[in-house]
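Please consider the chain shown below together with its three-dimensional model. The paragraphs that follow lead through its architecture step by step.

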Amino acid sequence: MELDGKLYPVDFEKTKIKGEGLFGDLDIYNPIQVKQKDKAGRPDIDSFETAIRRDGRRKGYFIAFGFSSDAIDEIKRLDKSGEIEIIPITVRIC
């Protein structure tokens with residue numbers, strides 16, 4: 001599988017009301033993929049999309065040093081279709 005981790009959003013109002021723990025409902029999360037590449041390409045996005053679908057999610061975060069134009073085009077296409085949202089995050093080495 002192509003998931004490196006999970007991001008659990010914390011909604012303090014929800015957790016106070018339901019009396020859940022700090023992380024609330026542990027089934028509510030967004031997948032994260034991290035690639036140590038100069039540029040993540042379209043195949044990387046396609047693999048992550050498949051992993052998101054298999055995991056039954058609709059949103060994920062993809063972290064890389066950069067993205068090819070094909071990868072960005074695929075992310076935009078997915079967003080436009082409304083089925084899957086992939087948030088690209090570009091990091092740089094300091």
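In this predicted model, strand β3 (residues 59–64) and strand β4 (residues 85–90) pair in the parallel sense, with 6 bridges between them. Within this pairing, Phe-62 stands opposite Pro-88 of β4. The chain passes from β3 to β4 by way of helix α3 (residues 69–81), and the resulting β-α-β crossover is right-handed.

This crossover belongs to a chain whose elements, read from the N terminus, run β-α-β-α-β-α-β. In total there are 3 helices and 4 strands.

Helix α2 (residues 42–54) merits a closer look. Its 13 residues reach 18 Å from the first C-alpha to the last, close to the 18 Å expected at 1.5 Å a residue. Six positions of α2 are buried, namely Asp-44, Ile-45, Phe-48, Glu-49, Ala-51 and Ile-52. These residues lie on the same side of α2 because they cover an arc of only 165° around the axis. The face turned away from that buried side carries Pro-43 and Arg-54, which are exposed.

What do the buried residues of α2 pack against? Their partners are β2 (30–34), β3, α3 and β4, so that the β3 and β4 strands described at the outset reappear here as packing partners of the helix. Just after α2, Gly-56 takes a positive phi of about 75°.

Over the chain of 94 residues, buried residues make up 32%. Of the contacts with a separation of 6 or more, 71% join residues 24 or more positions apart. The accessible surface comes to about 6,200 Å², and carbon and sulfur atoms account for 51% of this area.

Key:
Residues are numbered from 1 along each chain as its sequence is written. This is a predicted model: local features need pLDDT of at least 70, side-chain atom pairs count only at pLDDT 80 or more; totals for chains, interfaces and linings use all residues. Side-chain values use heavy atoms; hydrogens and water are left out. Helices (H or I, at least four residues) and strands (E, at least two) are DSSP runs, numbered from the N terminus. Buried means under 20% relative accessible area, exposed over 50%, partly exposed in between (1.4 Å probe, protein chains only). Contact means heavy atoms within 4.5 Å. Accessible areas come from the Shrake-Rupley method with a 1.4 Å probe; for residues, only the protein chains shown count as cover. Two strands pair if DSSP finds at least two bridges between them. A crossover is right-handed if, with the strands pointing away from the viewer, the path from the first strand over the helix to the second runs clockwise. The expected span of a helix is 1.5 Å times one less than its number of residues. The arc is that of the directions from the helix axis to the C-beta atoms.
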